[in-house]
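Biologist: Before I rely on any label attached to this structure, I should like to hear the reason for each one.

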Amino acid sequence: MAHLLGGESLHLEFPTRVVFDAVSLGLDEGDRIGIVGRNGDGKSSLLAMLSGRLEPDAGRVTVRGGVTMGVLDQADVLDDDDTVGHAVVGEVPEHEWAGSARIRDVIAGLVTDLPWDAPLGTLSGGQRRRVALARLLVGDWDVLALDEPTNHLDVEAIAWLAAHLKTRWSKNAGALLVVTHDRWFLDEVCTTTWEVHDRIVEPFEGGYAAYILQRVERDRQAAVIEQRRQNLARKELAWLRRGAPARTSKPKFRIDAANELIEDVPEIRDKVSLQSLAVSRLGKDVVDLLDAGVAYDGREILRDVEWRIAPGERTGILGVNGAGKSTLLGLVAGTVEPTSGRVKRGKTVKVATLTQRMDELDEHLNDPVRVVISGLRTSYTIGAGSKATELTPGQLLERMGFSSAQLSTPVKDLSGGQQRRLQLLLILLDQPNVLILDEPTNDLDTDMLAAIEDLLDSWAGTLLVVSHDRYFLERVTDQQYAVLGGHLRHLPGGIDEYLRLRDRERSSGTTSKGDASASAPAASAAPALAGAERRAAEKELTAAERRIEKLTAQADAARTALADHDQSDYAGLGEKMKQIGELDAEIAALEERWFVLTEQLG
C-alpha cells in the first residue's frame with residue numbers, strides 16, 4: 001500500500017512536561033486507525049501534529065504530494081449566522097450536490113431532519129456537531145482526521161457514522177485517523193489501534209477488543225504495569241471474550257497465552273449476591289410506574305407507561321433527544337409528577353442521580369478534594385456477602401484514578417473528567433439504593449471508563465442508565481428499554497433492535513421526538529398475511545399475549561418470594577434466581593415472537 005503521511009522522531013513538550021519523545025509512525029492507504037490513551041497523554045496533540053496544525057519541537061511530519069486532509073476538531077467553529085444548508089454544501093448548486101451519491105448519503109444520515117435554512121445559532125450542541133460532521137464528510141479527502149467525532153451524537157448517528165466510514169474506505173484508497181473514547185465505535189470502524197502513553201505511541205492490530213487482548217498479553221510478559229490496571233484489563237478482557245465474542249476481531253498474533261489469563265477470572269458481576277443484597281436493602285418494592293403519563297401544555301410526552309422496577313435491576317434507556325427519557329427518569333426520581341396514572345415508590349427507596357450539570361460540586365469549587373470528602377462517611381462497602389470489601393474515601397478516590405497529589409487540588413482546577421469522577425464518588429458515598437446515570441461517560445477516557453464499570457459491577461442496587469455510549473450501556477446493564485412515540489418499550493434484541501425500530505419509523509415517516517401521538521413503527525415491506533395464515537398468526541399472537549401475561553405474573557411472584565427468602569441461604573437464593581432467569585428468558589423469547597407476528601399482521 002502507498003504511504004500517505006508519516007512522522008519522524010517527533011518531539012513535543014510543554015512548559016511543564018514532555019508529551020512525545022522521538023516518536024516515528026506512518027499512515028498508509030486503507031488504514032483506519034483509532035487513537036486511545038488517558039486524558040492528557042497527547043492524543044489530540046498527536047492528531048494536530050500529523051494534520052499540520054501543530055509544529056513539533058523536533059522531528060518532522062512528511063506528507064505525500066497531492067494528499068488532502070480533512071480535520072474535525074472538538075471545538076465548535078461554526079458561524080451562528082450561517083444556515084444548515086450553506087454550512088454543509090457551501091455555494092455548490094443544488095443540481096451538483098444532489099447528483100453525488102456520497103453527499104446525498106451524508107445529508108440523509110446526519111442532517112435530513114434539520115431545516116435546511118435554519119440558522120446554526122438556533123441549533124442544539126448535538127445538531128451543530130452533526131452539521132460540522134456533514135460539512136467535513138461531503139468533501140473528497142484522502143485522509144480524514146477526526147477528534148472525538150461521536151461527542152454529542154446519539155446512538156443512531158454513531159451507528160450511521162461507523163457504517164459510512166467503513167463503506168467509504170472499502171471503496172477508495174484513503175485513510176482515517178480517529179481519536180475517540182467510544183469503544184464500540186473503535187471496534188466497529190478501526191483496523192489498527194495506537195495507544196498514546198508515557199511519551200510514546202504503541203501500535204496494536206485490530207479494534208478495541210483486539211487491542212485489549214494484546215495489551216493484557218503485553219502486560220503479562222513485560223510485568224511493568226501496575227497491578228490494579230492489569231487486573232482491570234483482565235476483567236474487561238474476560239467480558240469481551242465471553243460476553244461479546246463477535247466483537248473480537250481475529251488478529252494475526254497468537255492468543256493462546258492471553259486466553260490462559262482469563263481461565264480463572266469469574267463472571268464480571270456476582271448477580272445472585274448483588275440481587276440478594278439489593279433485595280435486603282430495598283425490599284420487594286422499588287418504583288412502579290402504573291399507567292403513568294406526562295403532558296406539558298396539552299402535549300403528551302409519555303403515556304400509558306407500565307414499568308415495575310425490580311430490586312437490583314440494571315436497565316439502559318434509549319431514545320432520541322426530546323423523546324421523553326429525562327421525563328421518564330424524573331418520574332422514577334420523584335422530580336416529575338405524572339399527569340395521568342400514578343407512581344408507587346417503596347418506603348426504603350433512596351434515589352440518587354448523576355446529572356450532566358455536576359450540581360453536587362457547585363458549593364465545593366474552591367475546596368481541595370480531601371476537604372470535600374472529609375465530611376462524608378469514613379468507609380464505603382463494595383461487593384456482597386463474603387466478597388464485601390470496605391474502602392476508605394481515599395482508597396475509592398485512588399481506585400477512580402486520583403493521585404495523592406490531587407487530593408490537595410481545588411475542585412475548580414480539576415479536569416472535566418476528574419470532576420465527573422468526584423461527582424460520582426460523592427453520590428456513591430451517600431449510599432443510595434437506586435442510582436440514575438445521565439450520560440455518565442462524558443469527559444472520561446477508556447481506562448477510566450473501565451474503572452467505573454468495575455466499580456459499578458460491585459454496586460448492589462437498582463441501576464438506570466441513559467447514555468449514547470453503546471459499549472458502556474451494554475457493559476453495565478442487563479436489559480434495555482426505549483422511549484418510542486411516548487411509550488416505554490422493552491427491547492429483547494437490545495440496541496440492534498432499537499436501531500431497527502428507528503429505521504422503520506424513519507422509512508414510514510413517523511417520529512418519536514417528543515410526540516406521543518406518533519404511530520407505531522411501520523411493518524416490514526413484506527405483504528401482510530391473508531386467509532388461513534392470517535387466522536393462524538392471530539391465534540398464535542393471542543396465545544403469546546396470554547402466555548406473556550401469565551409468565552410475568554409468575555416472575556413477579558418469584559421476585560416476591562426472593563425478597564421473603566432467608567438471605568443467608570445462598571443455595572436457595574441461587575435456585576430462585578435461576579428460576580427468575582428462566583422465566584425472564586422465556587418472556588423475552590415470546591416478546592420477540594410477538595414482535596414478528598405483529599409485523600406480519602401489519
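Modeller: The terms are taken in turn below, each set against its definition.

Modeller: This is a predicted model, in which local features need pLDDT of at least 70 and side-chain atom pairs count only at pLDDT 80 or more, while totals for chains, interfaces and linings use all residues. Residues are numbered from 1 along each chain as its sequence is written, and side-chain values use heavy atoms, with hydrogens and water left out.

Biologist: What makes α4 roughly antiparallel to α5?

Modeller: Helices (H or I, at least four residues) and strands (E, at least two) are DSSP runs, numbered from the N terminus. The axes of α4 (residues 101-111) and α5 (residues 125-137) come within 10 Å and cross at roughly 170 degrees. Axes are lines fitted to C-alpha atoms, for helices over the stretch in contact, and angles run from 0 to 180 degrees between N-to-C directions. Angles under 35 degrees count as roughly parallel, over 145 as roughly antiparallel, 65 to 115 as roughly perpendicular and the rest as oblique. The crossing of roughly 170 degrees therefore makes α4 roughly antiparallel to α5.

Biologist: Which residues of α4 and α5 meet, and how do they divide into nonpolar, polar and charged?

Modeller: Contact means heavy atoms within 4.5 Å. From α4, Arg-102, Val-106, Leu-110 and Val-111 meet Arg-130, Val-131, Leu-133, Ala-134 and Leu-137 of α5. Seven of these contact residues are nonpolar, none is polar and two are charged. In this division, Ala, Val, Leu, Ile, Met, Phe, Trp, Tyr, Cys and Pro count as nonpolar, Asp, Glu, Lys and Arg as charged, and the others, Gly among them, as polar.

Biologist: Why are β11 and β13 said to stand at the edges of the sheet?

Modeller: Two strands pair if DSSP finds at least two bridges between them. The open sheet has three strands in the order β11-β10-β13, with antiparallel pairing. β11 (299-309) and β13 (340-345) each have a single partner strand, so one side of each is left without a neighbour in the sheet. From one strand to the next, the twist averages 20 degrees.

Biologist: How do you know that β10 and β11 pair?

Modeller: Seven bridges join β10 (residues 287-296) to β11, against a requirement of at least two. Val-287 has Ile-309 of β11 as its bridge partner, and Ala-295 stands opposite Glu-300 in β11. The hairpin of β10 and β11 has two residues between the strands, and Asp-297 there takes a positive phi near 50 degrees.

Biologist: Why is β19 called largely enclosed?

Modeller: Buried means under 20% relative accessible area, exposed over 50% and partly exposed in between (1.4 Å probe, protein chains only). Five of the six residues of β19 (residues 479-484) are buried, so the strand is largely enclosed by the rest of the structure. Four bridges join β12 (residues 314-318) to β19 in parallel, with Leu-318 opposite Ala-482. β19 also pairs with β20 (residues 487-490) in the antiparallel sense over four bridges, where Leu-484 has His-487 as its bridge partner.

Biologist: What makes α1 largely enclosed?

Modeller: Seven of the eight residues of α1 (residues 43-50) are buried, so the helix is largely enclosed by the rest of the structure. Among them are Lys-43, Leu-46 and Met-49. Just after α1, Gly-52 takes a positive phi of about 85 degrees.

Biologist: Why does Asn-433 count as buried, and what does its side chain reach?

Modeller: Asn-433 has 6% relative accessibility and therefore counts as buried. The residue is found in the loop between α15 (416-429) and β17 (434-438). A polar contact is a pair of N or O atoms within 3.5 Å; within protein, one must be able to donate a hydrogen and the other to accept it, and residues adjacent in sequence count only if both atoms are side-chain atoms. The side chain of Asn-433 reaches the backbone nitrogen of Lys-350 at 2.6 Å. A polar atom of the same side chain lies 2.9 Å from the backbone oxygen of Thr-348.

Biologist: Are His-152 and Arg-199 buried, exposed or partly exposed?

Modeller: His-152, at 58% relative accessibility, counts as exposed, whereas Arg-199, at 44%, counts as partly exposed. His-152 is placed in the loop between β6 (143-147) and α6 (155-171), and Arg-199 in the loop between β8 (192-197) and β9 (200-205).
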